[in-house]
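I opened this entry to keep track of what I looked up, one place at a time. The notes follow the order in which I went through them.

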Amino acid sequence: MCKRVQFKQHMSTYHLKSLEEYFVNYRKSISKPEVFWGEIAEEHFLWRKPWTSVCEWDFDKPEIKWFQGAQLNITENCIDRHLLTRGEQTAIIFEPNDPQESAVHITYNQLHEKVCKLANVLKDQGVKKGDRVCIYMPMIPELAYAVLACARIGAIHSVVFAGFSSTALATRINDCSCSIVVTSDGSYRGQKTLDLKAIVDEALQQCPSIKSVLVAKRTENPVHMETGRDHWLAPLMEKAVSDCKPEIMDAEDPLFILYTSGSTGKPKGMLHSCGGYMVYTAYTFKNVFQYKNGDVYWCTADIGWITGHSYIVYGPLANGATTLMFEGVPSYPDYDRFWEVVAKHGVNQFYTAPTAIRALAKESLEHTKKHDLSSLKVLGTVGEPINEEAWHWYNDNIGDKNCPIVDTWWQTETGGILISPIPFLTPTKPTYATLPLPGIRPVLMDETGSPIENNSAQGRLCIAQPWPSIARSIWGDHQRYKDTYFSAFPGYYFTGDGALRDEVGYYRITGRVDDVIIVSGHNLGTAPIEDAINEHPAVAESAIVGFPHDVKGNALYGYVILKETGADRNTENLKKEINQIITEHIGPIAKLDKIQFTPGLPKTRSGKIMRRILRKIAHNELDNLGDTSTLLNPDIVEHLIENRL
Ligand code: WTA
């Protein structure tokens, strides 16, 4: 696989084929980022107008601009330019929740038609360039069409994961004042049928900016259709014209907003722009998965998360790939579903989350053995650190020790993968994301905020210079963007993660160093969960920490102080009610695994909760609690320990 190719020394290579080539390109990307990205962008994409400068940036402001002056439309790059050469090739394979239902193969020609039609429907609804469109849908083809239709007409999509509650949906719609929601009557998830439209209806009671709702039919369950506001999507698409001229966008025009949890307050609407995002996701898709023409690639994420945006939709389609969209869950109808789908479609690259691997590793190996997995060439993971055991299970049982595992580290904010092995090129090492991709300059910071130069070190992970797909702002709150990412270490982008660098320079991400907890690969901020719990009439105060969980990676442990009125309540019922409130405010993903009622929380003299102590108790690490004598209420620590769960 590591065939040495002749490459032109003066040109940047789009498709890296040897480790040597990686190093040459890496060095060039760091010393001459403008030349490096300029060459890649020029050679491999369709621009309507060239740029006047490749990159201008200032991390102090912060302001980052790539390919300024250039014009393009990302859907021309993801669809139109493939029509002449691969119009009849499958662009998207849709694999439904129920294996009895046939999979659907959507060719590039068909994708073009669907996206154009939906783009025209959006236009008919009055959607214009720059308007925000909320997409709240299950993993059905219409979701991909909707995302691309927005991009076609220059509307900014804001996809909200369809597992979020109506309150969470309303917050996101209102934050960027969307004018329209695209949704479906319902969704299938394993054995469950969820009524998505009812959730939208409830959310919209608090969303004055919404003028219309487009509803795709999926489950056929009866739904309320508000006259004048709600429209079935299919008949409108049927009537719509099947061609739609792409809106010509400036490279720095916004492409989408995607919300991610912060340590405090409301979710952050990360704003991504057109040109740089396209170049970086396409380039990283090609290299990190070593995708070759004719391969079938499958990422099991939901398009509601950044992984789905970048590596189900934009990255693969920009490369003319065949990308699989899966509606279901790994456990339905049985725990072999992933492997059945791999065998059925001859999947070559498979990309999933450590949580899914750990859940499947607990089941019988018969599930993997039943299916022919020999088509697989590359395996990927994303979203949280992968533990050694899960890594080996994946390597042995799914890859048959024959498929490199790419442990890809990145974030909603980064738009694309930043640290990852390149399969067949970079020797892998379990639990290590290994080396930075071209264009990425990781820096570890020590306790004093100075960069650590040597290897065999651990620190806070920052990135020293911009790459094309870095988020440009937080929607409506540029100050928060600056405060969150560019203030802790002036002159650097701060990731919020800790990492270690081994003796050869490989990186291993050790986890969040802020109050974000990653549960089953989902980022959850502690503050919004605590706010939800505190809404319960019997609750006075609460604090959430994470603790290790063998499948989810982390689970949530809540310490809750009850008001006097709540003290004689049945605690089991209270626990259920607390989780119910969390489900209503955020969604079931944020439910607590353990709830400990306590008369107090350890606080500093200035009234700050000492989360470090709560974390240690939840982790059952009681030997080294540190100095508790300075606490306002040192006695509470003993009480918490005695009653820990
Ligand atoms: C974590 C997901 C360890 C990390 C693409 C990051 C990882 C957060 C890895 C972003 C990995 C992601 N190893 N940790 N390979 N990939 N993370 O925004 O803490 O949903 O900051 O983006 O996930 O999560 P997000």
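**Second largest pocket**

I began with the second largest pocket, which has a volume of about 390 Å³. The model is a predicted one. I listed the lining of this pocket and got 18 residues, with Lys114, Pro141, Glu142, Tyr145 and Ala234 closest to the centre. I then checked which elements give two or more residues to the lining, and they are β5 (104-107), α5 (108-124), α6 and α9 (233-239). By residue class, I noted 10 nonpolar, seven charged and one polar in the lining.

**Cores**

I next looked up the largest nonpolar core, which holds 124 residues. The residues with the most contacts inside this core are Trp37, Trp47, Phe67, Leu111, Ile135, Phe289 and Tyr314. Which helix gives the most to this core? I found that helix α6 (residues 141-153) does, with 10 residues. There is also a second core, separate from that one, with 44 residues; Cys134, Cys178, Val181 and Leu271 are among them. As general background, nonpolar side chains in soluble globular proteins tend to be buried together.

I took Ile135 for a closer look. Beyond its neighbours within four places in sequence, Ile135 is in contact with Leu143, Ala146, Val147 and Cys150, and also with His157, Ser158, Val159, Val160 and Val182.

**Glu327 and its loop**

I found Glu327 in the loop that runs between β17 (322-326) and α12 (337-345). Is Glu327 buried or exposed? Its relative accessibility is 1%, so I entered Glu327 as buried; the cut-off for buried is under 20%. A polar atom of the Glu327 side chain lies 2.7 Å from the backbone nitrogen of Asn97. Setting aside neighbours within four places in sequence, I listed the contacts of Glu327 as Phe94, Glu95, Pro96, Asn97, Met139, Ile140, Tyr188, Arg189 and Arg218.

Pro333 is in the loop between β17 and α12 as well. The peptide bond from Tyr332 to Pro333 is cis, and I noted omega near -5 degrees. In α12 I marked Arg337, Phe338, Trp339, Val341, Val342 and His345 as buried. Gly346 follows α12 and has a positive phi, near 60 degrees.

**Helix α11**

How many residues of helix α11 (residues 306-318) are buried? I counted 13 of the 13, so the helix is largely enclosed by the rest of the structure. Gly320 follows α11, with a positive phi near 65 degrees.

**Another cis bond**

I also looked up the bond between Lys61 and Pro62, which is a cis peptide bond with omega about -15 degrees. Pro62 is in the loop between β1 (53-58) and β2 (63-68).

**Positive phi outside glycine**

Asp400 is not a glycine, yet its phi is positive, about 50 degrees. I placed Asp400 in the loop between α15 (388-398) and β20 (405-408). Asp400 has 61% relative accessibility, so I entered it as exposed. Ser456, also a residue other than glycine, has a positive phi near 50 degrees. Ser456 is in the loop between β22 (451-452) and β23 (457-463). I entered Ser456 as exposed because its relative accessibility is 54%, and the cut-off for exposed is over 50%.

**Ala499**

I located Ala499 in strand β25 (residues 493-501). Its relative accessible area is 0%, so Ala499 is buried. Where is Gly459 relative to Ala499? The two are 40 residues apart in sequence, and I noted 5.8 Å between their C-alpha atoms. Leaving out neighbours within four places in sequence, Ala499 is in contact with Leu444, Ala457, Gln458, Gly459, Leu461, Arg508, Ile509 and Thr510.

**Thr484**

My last stop was Thr484, in helix α16 (residues 478-485). At 28% relative accessibility, I put Thr484 down as partly exposed. The Thr484 side chain reaches the backbone oxygen of Arg480 at 2.5 Å. With neighbours within four places in sequence left out, Thr484 is in contact with Lys268 and Phe494. I also took the separation from Leu83, 401 residues away along the chain: the C-alpha atoms of Thr484 and Leu83 are 42 Å apart.

Note on methods
Residues numbered from 1 in each chain as written. Predicted model: local features only at pLDDT ≥ 70, side-chain atom pairs only at ≥ 80, totals over all residues. Heavy atoms only, no water. Core = buried A, V, L, I, M, F, W, Y, C linked by side-chain atoms within 4.5 Å. Buried < 20%, exposed > 50% of the residue type's maximum accessible area, 1.4 Å probe, protein only. Helix = DSSP H or I, 4+ residues; strand = E, 2+ residues; numbered from the N terminus. Contact = heavy atoms within 4.5 Å. Polar contact = N/O pair within 3.5 Å; in protein donor to acceptor, adjacent residues only side chain to side chain. 1 Å grid on protein atoms, 1.4 Å probe; cavity = no way out; pocket = protein on both sides within 12 Å on 5 of 7 lines; lining within 4 Å. Points joined across faces, edges and corners; volume = space filled by probe spheres on them. Nonpolar A, V, L, I, M, F, W, Y, C, P; charged D, E, K, R; others polar.
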